[in-house]
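Colleague: I should like to learn how to read a model of this kind, feature by feature. May we begin with the helix and sheet packing and then proceed to the backbone and the pockets?

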Amino acid sequence: MPSLRLTGGIALIVASAAGCGVVSSDTEAPLRSEPTMVDYVAPTAVRGLDVRTVSRRDPGRPEVHAAYPSVADAPRLTEELRRTVAAQLDLFDRSVREDRKGTAGQSPRAEFNVDWQLTAASEEVLGVRLRTGESAGGGWTETRTTVWYDRVDKRAVDSAGLLRDRAALTELARLARRSLLSRGAAANPQAVTPDPKIFDSIAFNMHGDLVVEFDDSQVGPGFLGRVAVAVPAGTAGPMLSPTGLRAQRAVVEEAGRRATAPPPSSLEEPNADRPKATSSRGGDVDCAKAKCVALTYDDGPGTGTAGVLDALAAQGARATFFCVGSSAVARPDLLRRMTAEGHLVAGHTWSHRDLSAMSRNMIIDQLVRGRDAVAQAAGQVPTLVRPPYGRVGDQITAAARELGMPVVRWSVDTGDLDGHAPADVAARAVAGAARGAIILMHDTGESAAEATAEVLRRLKAEGYTFVTVPELYGSQGMRPGAVYDSAESGERARTLDKQTML
């Protein structure tokens, strides 16, 4: 899998040659990439990597979708990432509660979202960049935190741990201020102090230059977006700790391997040769006669997915998996297993952002990136999409129609995200089930497999047959852009209100 590169809509701060950047007058030298650009490593390059997900869907509290990697042989890294996400979420929840004190009427919808990338991966070091987005109804802001794991010393460190000592941190702050000062009035150099909390996202570019990125509004107005500075490798080297030197070496060596790799053989569209997603076992049930329901799973793949697939296989049941693109690229093995065992892979956007709060272009980007990531992982192009939190609106259905994708919601929510026991989850499934029902579950939790087994057992006893979503609709098919809650309710060509959430 090719590495991903940070692109699009980024305000970049490039340091001067005297301080934090490199300017060459040698016209024979190859053109260097933007110094603050960071290349990411494909998650499949790391053995034993899985995805952990924290999800919350509660009308009375902020909506949450936070994903981060777990690595089998780096439990201290996994724990540090868990702790970091939990602390950020706790701070966000408290700030939302404080903002809502004394307010009357409908509160703005709040959202907390975390996705991640690998900034380095070698036998000596791992780097994980968390991108945290927050909205309390008044705009979207992002913060960035990069956590490092030293495989040699077997310890997790924050980004400041890449530096040799306090003096190195002080020098880095001085260089960053000089760079920001060269940008004029938009940036605020005085906001940069030798505080590890300010320098909590440090990585390296392909040349070994040290790259510091700041949070939105941390060193300038929010409209600047991502602000970053780059320190040349030669200047940064003496400031680095042993862990920092290993991280720098890992990135440079990976860049060297990519440089010698053969170029892509084709410039065609990424999905040009991939078939549309279908169930390899579909078509053996006539839902006009059988009592059919569709089990659907959101937010994966994750730590519970393999167990869910085992439970489905034990009962000969098939399901539809609405996969998040950023997690799909980390576990293509699970998506390939889904397709091999007769299940249907579908899209759930790239990073599980609430689409109803986005512009049209952002909606298209989330849908396309999610679709392409699932296609790359599964080898099939998903034809169905489920918007996060089940929210739809004019722009969402129009985008789905443009991409040729029907929009799927659900008619039964099992409440499996709320920590209920498997028996309670099954009871909700049975209570809401009817012919043609679309049942919502999640394959990311530790109890997902046990809950699935109980749901299958109880619904099977009620005479239900388990099929993929398109099979519910038989020969009438499903139309792009139309919204489907269940086969009994049919399609909704009209757009549902954006505030609606089942």
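Modeller: Please keep in mind that this is a predicted model. A suitable starting point is helix 2 (residues 166-181), which lies across strand 7, strand 8 and strand 9. Helix 2 runs at about 120° to strand 9.

Colleague: In what order do the strands of that sheet stand, and is the pairing parallel or antiparallel?

Modeller: In general, strands of a sheet pair through backbone hydrogen bonds, in either a parallel or an antiparallel sense. Here the sheet is open, has 3 strands in the order 7-8-9, and its pairing is antiparallel. Strand 7 (202-204) and strand 9 (227-231) are the edge strands; each has a single partner strand, so one side of each lacks a neighbour in the sheet. On average, neighbouring strands of this sheet are turned by 30° against each other, direction ignored.

Colleague: How many bridges join strand 7 to strand 8, and over how many do strand 8 and strand 9 pair?

Modeller: Strand 7 and strand 8 run antiparallel and are joined by 3 bridges. Within this pairing, isoleucine 202 stands opposite valine 212 in strand 8. Strand 8 (residues 210-214) pairs with strand 9 over 5 bridges, also in the antiparallel sense. On that side, phenylalanine 214 has valine 227 of strand 9 as its bridge partner, and valine 211 has alanine 230.

Colleague: Are the residues of strand 8 buried or exposed?

Modeller: The cut-off for a buried residue is under 20% relative accessible area. In strand 8, 5 of the 5 residues are buried, so this strand is largely enclosed by the rest of the structure. Leu210, Val212 and Phe214 point one way from strand 8, whereas Val211 and Glu213 point the other way. The buried set thus named includes Glu213.

Colleague: Let us turn to the backbone. Which residues have a positive phi although they are not glycine?

Modeller: Lysine 154 has a phi of about 55°, and lysine 154 is found in the loop between strand 5 (141-150) and strand 6 (155-157). Serine 217 has a phi of about 70° and is placed in the loop between strand 8 and strand 9. Serine 217 is partly exposed, at a relative accessible area of 46%. A glycine with positive phi may be added: glycine 208, with a value near 90°, belongs to the hairpin of strand 7 and strand 8, which has 5 residues between the strands.

Colleague: Where is a cis peptide bond to be found?

Modeller: The bond that joins glycine 300 and proline 301 is cis, with omega about 0°. Proline 301 lies in the loop between strand 10 (292-298) and helix 5 (305-315).

Colleague: Finally, what lines the second largest pocket?

Modeller: As a general idea, rolling a probe the size of a water molecule over the atoms shows where empty space is left. The second largest pocket holds about 680 Å³ of space. Its lining consists of 25 residues, and those nearest its centre are Gln88, Leu91, Thr143, Thr145 and Asp200. Helix 1 (75-100), strand 4 (125-135) and strand 5 are the elements that each give two or more residues to this lining. The largest share, 9 residues, comes from helix 1.

Colleague: How many residues of that lining are nonpolar, polar and charged?

Modeller: The lining of the second largest pocket has 6 nonpolar, 11 polar and 8 charged residues.

Conventions
Residues are numbered from 1 along each chain as its sequence is written. This is a predicted model: local features need pLDDT of at least 70, side-chain atom pairs count only at pLDDT 80 or more; totals for chains, interfaces and linings use all residues. Side-chain values use heavy atoms; hydrogens and water are left out. Two strands pair if DSSP finds at least two bridges between them. Helices (H or I, at least four residues) and strands (E, at least two) are DSSP runs, numbered from the N terminus. Axes are lines fitted to C-alpha atoms, for helices over the stretch in contact, and angles run from 0 to 180 degrees between N-to-C directions. Contact means heavy atoms within 4.5 Å. Buried means under 20% relative accessible area, exposed over 50%, partly exposed in between (1.4 Å probe, protein chains only). On a 1 Å grid over the protein atoms alone, a cavity is a set of points where a 1.4 Å probe fits but cannot get out, and a pocket is an open set with protein on both sides within 12 Å along at least five of seven lines; lining residues have an atom within 4 Å of a point. Grid points are joined across faces, edges and corners, and a volume is the space filled by probe spheres set on the points. Ala, Val, Leu, Ile, Met, Phe, Trp, Tyr, Cys and Pro count as nonpolar, Asp, Glu, Lys and Arg as charged, and the others, Gly among them, as polar.
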